[in-house]
Every structure is written in C-alpha cells, then in structure tokens.
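Good morning. Please look at the model on the screen while I talk.

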Amino acid sequence: MNTDAAKKVAGEAAAYLAIQGQHVGLGTGSTTAYTLAALGRRIKEEGLHITGVPTSSASERLARQHRIPLTTLDTLQHLDVAFDGADEVDPAGNLIKGRGAAHTREKVVAALARRFVVLVDESKHVAQLGTRTPVPVEVLPMAAGPVMRMLNGLGGEPALRVAVRKDGPVVTDQGFWIVDVHFNGISDPVALALALDRIPGVLDHGLFISMATDLITGRKDGSWDHHICQAVPDAR
C-alpha cells in the first residue's frame, strides 16, 4: 500500500466516530477528504443524521458533493466532534497544520469541538515539530515585511508562500497571505506559539498545542491505530 492508501484507512476509520445527531467540524486536506466521503456514504446507506461545519471553501464544496448537511458557527455554542489532518504530530500530540492554508478556520473549529480527532498517515509522526515542515503564519498583507523580520528574530527562516497557478502570493479565505517559517526543529512549541500570537499583523499560525483529543494513524500495511491524547470533557 502507498501513502494515499494509508490516508484512506485513517480517514474512513474516523468517520465511524460520528454518531446520530452530532454537529461535526469538517477539516480540509487529502486525508479528511476520505472522512467526508465516508460520512456521505453513512448518510446515504445508514440514515446517519449529522450537521457539518466546514473549515474552508474547499471542504464546503466537498461536503455538498457528498450531501452532508451544513450549518455555521453562528447558531452553535459547540461542536460535538471535529475531524482534521495534520502535517506533523509530535509524541505529545502537538501539531503543525496549514499546508492547505486553512489553519485559522481549522483552529476555530477545533477549539469549539468537545472532541478533536486528528487523522494522519504514519509519515506525519516526528520526534520534534518543525523538523520536516515549516510553520505557516497567516499575515495581514500590509504587515508582511515587519512580520517576516520579527519571525527572523525568533530564529526562523520566513518565506512568502507563492501561488502555483497564478502570479503572486497565496491568498487565504480571509484575504491574508501565508508566510512559511522554517525552524529546523522547535525545542519549545508552547513558547513559540505564544511568541507568534503576540506579533502584530499575525492573524494565526499553524501550531496547534494541546488541542487534539484523538489521533488516528493509517499505516501502509492497511492497519490503523487510535490513540487517545487527552480525556474528552463532559461539557463545554
């Protein structure tokens, strides 16, 4: 089996954690796409009734394609569960997310979910965050220069993310730009997250600290495992 097949195993396994009547956060990315497809099949074949909140325009389109009923956070105080992928996960369950430039909305949805289920293939596990993947930082366009200088001062190597099929930078659903910051390993992700939060002009970043409650890992041999990162609270 290849990596894509491992993602499929993890994504489909996660879909069976959704139960009748739940409000569900729908993440963005290739692994979560398999979860949305599996949820659509459960709705059609089992009569599962859920309501989804998408984290991006891409996940909204995919959810509608699979006929998953949608709502917004305007009418909800919390979500029962949220499903999403990750670019890196460390042994403590901390994450780097944002390759799809949707991490700000993903973080809002994850923070409102009683249960945040993270889906990865085995290649996403690292001993230390930042060893393979840069930290994406969502930046107000007019502040890109000052922010990049501050990121450099934190020991990072920032680079503006450039669009592939058009000239210019990647623009997020919020109209912001993405700066990818390479750190060559992050010794203290908690401290770095706090430092990034304090930079004027930064909307949010891709460090997700102590947010995952569950981790589902798909493997190339077709197996998968489910690890509990932290207890699910009784209520929000």
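I will go through one pair of helices and then one pocket.

This is a predicted model, in which local features need pLDDT of at least 70, side-chain atom pairs count only at pLDDT 80 or more, and totals for chains, interfaces and linings use all residues. Residues are numbered from 1 along each chain as its sequence is written, and side-chain values use heavy atoms, with hydrogens and water left out.

Start with helix H1, residues 3–15, and H2; helices are DSSP runs of H or I, at least four residues, numbered from the N terminus. Their axes, lines fitted to C-alpha atoms over the stretch in contact, come within 7 Å and cross at roughly 45 degrees. H1 and H2 are therefore oblique to each other, that is, outside the ranges under 35, 65 to 115 and over 145 degrees.

The contact (heavy atoms within 4.5 Å) includes Asp4 and Lys7 of H1 and Ser30 and Tyr34 of H2.

Now the largest pocket, an open set of 1 Å grid points where a 1.4 Å probe fits, with protein on both sides within 12 Å along at least five of seven lines. It is lined by 17 residues, meaning those with an atom within 4 Å of a point. Thr28, Gly29, Ser30, Asp87 and Arg99 lie nearest its centre. Helix H2, residues 30–46, gives the largest share of the lining, 3 residues.

Key: Helix = DSSP H or I, 4+ residues; strand = E, 2+ residues; numbered from the N terminus. Axes fitted to C-alpha atoms, helices over the stretch in contact; angles between N-to-C directions.
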